[in-house]
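These are my notebook entries from a first look through a structure that was new to me. I wrote down each thing I looked up in the order I came to it.

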Amino acid sequence: VKGADDEEPMEAPGVVGLRCEMCGVSVTSQALLREHLQGKKHVQAARAAAAREEGRFCEVCDIAFTSVAQLTEHCKGRKHRDAEGRQRGGGGRGRGRAPG
């Protein structure tokens with residue numbers, strides 16, 4: 001990210017003028033843009049975007065992983081399978097008490 005003072009334009013992926021396209025945030029100054037780019041929301045969005053590009057993001061659970069192997073293991077787990085079932089309209093209950 002470039003921009004030591006408010007006059008210099010910032011250079012960061014997804015930044016156009018005073019708007020962060022990645023987060024959908026518009027600001028009124030370079031200082032506010034710099035603050036946003038260092039903030040938690042933007043950092044998490046950037047990590048998720050990188051994970052998506054690298055094939056290590058679970059779209060069902062909305063979770064970024066540090067490796068494809070972690071994603072593969074996650075997809076075998078009960079929480080993921082339950083979430084997948086809920087998205088398909090199956091309720092995602094698995095075993096358990098019968099309704100009633």
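Is Cys20 buried or exposed? I looked this up first, keeping in mind that the model is a predicted one, and found that Cys20 is buried, with a relative accessible area of 0%.

**Entry on the cysteines.** I then asked how many disulfides the structure holds, and the count came to 0. For Cys20 the closest cysteine sulfur is that of Cys23, at 3.8 Å, which is too far for a bond because a disulfide needs the two sulfur atoms within 2.5 Å. I checked Cys58 in the same way and found its sulfur 3.8 Å from the closest cysteine sulfur, in Cys61, again too far for a bond. Cys58 also counts as buried, at 3% relative accessibility.

**Entry on the overall layout.** I stepped back to the whole chain and noted that its secondary structure comes to 4 helices and 5 strands, which run β-β-β-α-α-β-β-α-α from the N terminus on. Of the 100 residues of the chain, 25% count as buried. I also looked at contacts between residues at least 6 apart in sequence, and among these 16% join residues at least 24 apart.

**Entry on the nonpolar core.** Which residues make up the largest nonpolar core? I found 5 of them, namely Ala12, Val15, Val27, Leu33 and Leu37. Following Val15 further, and not counting residues up to four places away in sequence, I saw that Val15 touches Leu33 and Leu37.

**Entry on helix H1.** Leu33 and Leu37 led me to helix H1, residues 30–38, in which Gln30, Leu33, His36 and Leu37 are buried. Seen down the axis of H1, these buried residues fall within an arc of 120°, so they line one face of the helix. As a reminder to myself, an α-helix has 3.6 residues a turn, so residues three or four places apart point the same way. On the face of H1 turned away from the buried side I found the exposed residues Glu35 and Gln38. I then asked what the buried residues of H1 pack against, and the partners are strand S1 (15–16), strand S2 (19–20), strand S3 (25–26) and helix H2 (40–53).

**Entry on H1 and H2.** The axes of H1 and H2 come within 5 Å and cross at roughly 55°, and the two helices are therefore oblique to each other. Where they meet, I noted His36, Leu37 and Gln38 on the H1 side, with Lys40, His42 and Val43 on the H2 side.

**Entry on Ala45.** Staying in helix H2, I picked out Ala45, which is partly exposed, with a relative accessible area of 22%. Leaving aside neighbours within four places in sequence, Ala45 is in contact with Met22 and Cys23. I also looked up its separation from Ala64, 19 residues apart along the chain, and the C-alpha atoms of the two are separated by 9.9 Å.

**Entry on Asp62.** Where is Asp62 found? I located Asp62 in the loop between strand S4 (57–58) and strand S5 (63–64), and at 55% relative accessibility it counts as exposed. What caught my attention is that Asp62 has a positive phi of about 60° although it is not a glycine. I set beside this the general rule that most residues other than glycine have a negative phi.

Methods. Residues numbered from 1 in each chain as written. Predicted model: local features only at pLDDT ≥ 70, side-chain atom pairs only at ≥ 80, totals over all residues. Heavy atoms only, no water. Core = buried A, V, L, I, M, F, W, Y, C linked by side-chain atoms within 4.5 Å. Buried < 20%, exposed > 50% of the residue type's maximum accessible area, 1.4 Å probe, protein only. Contact = heavy atoms within 4.5 Å. Arc of directions from axis to C-beta. Axes fitted to C-alpha atoms, helices over the stretch in contact; angles between N-to-C directions. Parallel < 35°, antiparallel > 145°, perpendicular 65-115°, else oblique.
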